[in-house]
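Biologist: Could we go through the packing of this model together, one question at a time?
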Amino acid sequence: MASGKDLPNIGGFIRDLRRSAKISLRQLSEQAGVSNPYLSQIERGLRKPSAEVLQQLASALRVSTPAMYLRAGLLDDREGQGVLAAIAADSDLTMAQKQSLTQIYETFRRENARLAEATAAADAASATTEAATGTTTAESTTGTVTTESVTGLPTTEPEPGPAQPSGASADLANIAVTGPTTTGGTPTGGA
């Protein structure tokens, strides 16, 4: 068994969280699935809990698992863990405030990670589409369409056939070519 001096003050932290939540040692042990004597030894600093036990206790106490790991010395102070440590160590905050801040912070980090993944996926899909089509940009100029190929050299292609008139202009063009027609579109044979 390790002495209380060798272990981070995780036991006191768990005890403070439990007392803030106003639950007994027995209730916490039942909620976390940990034996009552073992939990008592953890709180007194006589036993070092495993990562799995810390996760169960964090869940039962409604605190973040990373905050619990950080307090137990299982996580380094990197990638935002310093924020969690600062929240956990701030004596001006109540346990409920610490829990709220931790949850908000982790929610923001998860959202940012999801957004970054979605952006990366969209960029990858865009790059794949550009590579498959062989073009990166298209600019329209009078009489020609200019595209830039994958090689980066501009190529010039003639524009497709003459523009077709639309709407009323198309009807007048048809009359001029085929003569008057019936409502069904059949030529009347006149003029």
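Modeller: This is a predicted model, in which local features need pLDDT of at least 70, side-chain atom pairs count only at pLDDT 80 or more, and totals for chains, interfaces and linings use all residues. Residues are numbered from 1 along each chain as its sequence is written, and side-chain values use heavy atoms, with hydrogens and water left out.

Biologist: Which residues of α4 are buried?
Modeller: Buried means under 20% relative accessible area, exposed over 50% and partly exposed in between, with a 1.4 Å probe and protein chains only. Helices are DSSP runs of H or I with at least four residues, numbered from the N terminus. By that cut-off, the buried residues of α4 are V53, L54, L57, A58, A60 and L61.

Biologist: Why are they on the same side of α4?
Modeller: An α-helix has 3.6 residues a turn, so residues three or four places apart point the same way. On the other side of α4, E52 and S59 are exposed. The buried residues lie on the same side of α4 because the arc they cover around the axis, taken from the directions from the helix axis to the C-beta atoms, is only 165 degrees.

Biologist: Which elements do the buried residues of α4 pack against?
Modeller: Contact here means heavy atoms within 4.5 Å. With that cut-off, the buried residues of α4 pack against α1, α2, α3, α5 and α7 (95-133).

Biologist: Which element gives the largest share of the largest nonpolar core?
Modeller: A nonpolar core is a set of buried Ala, Val, Leu, Ile, Met, Phe, Trp, Tyr and Cys residues joined through side-chain atoms within 4.5 Å. The largest one has 23 residues, and I14, L28, L57, L61 and M68 have the most contacts inside it. Two or more residues come from each of α1 (10-20), α2 (25-32), α3 (36-43), α4 (51-61) and α5 (65-72). The largest share, six residues, comes from α4.

Biologist: Which residues of α2 and α4 make the contact between these helices?
Modeller: The two helices pack at an angle of about 115 degrees with their axes 8 Å apart, which makes α2 roughly perpendicular to α4, a label given to angles of 65 to 115 degrees. The axes are lines fitted to C-alpha atoms over the stretch in contact, and angles run from 0 to 180 degrees between N-to-C directions. The contact is made by L28, Q31 and A32 of α2 and by Q56, L57, A60 and L61 of α4.

Biologist: Is R18 buried or exposed?
Modeller: R18 lies in helix α1. Not counting residues up to four places away in sequence, R18 touches I23, S24, L25, L28, E43 and L61. With a relative accessible area of 9%, R18 is buried.

Terms used. Angles under 35 degrees count as roughly parallel, over 145 as roughly antiparallel, 65 to 115 as roughly perpendicular and the rest as oblique.
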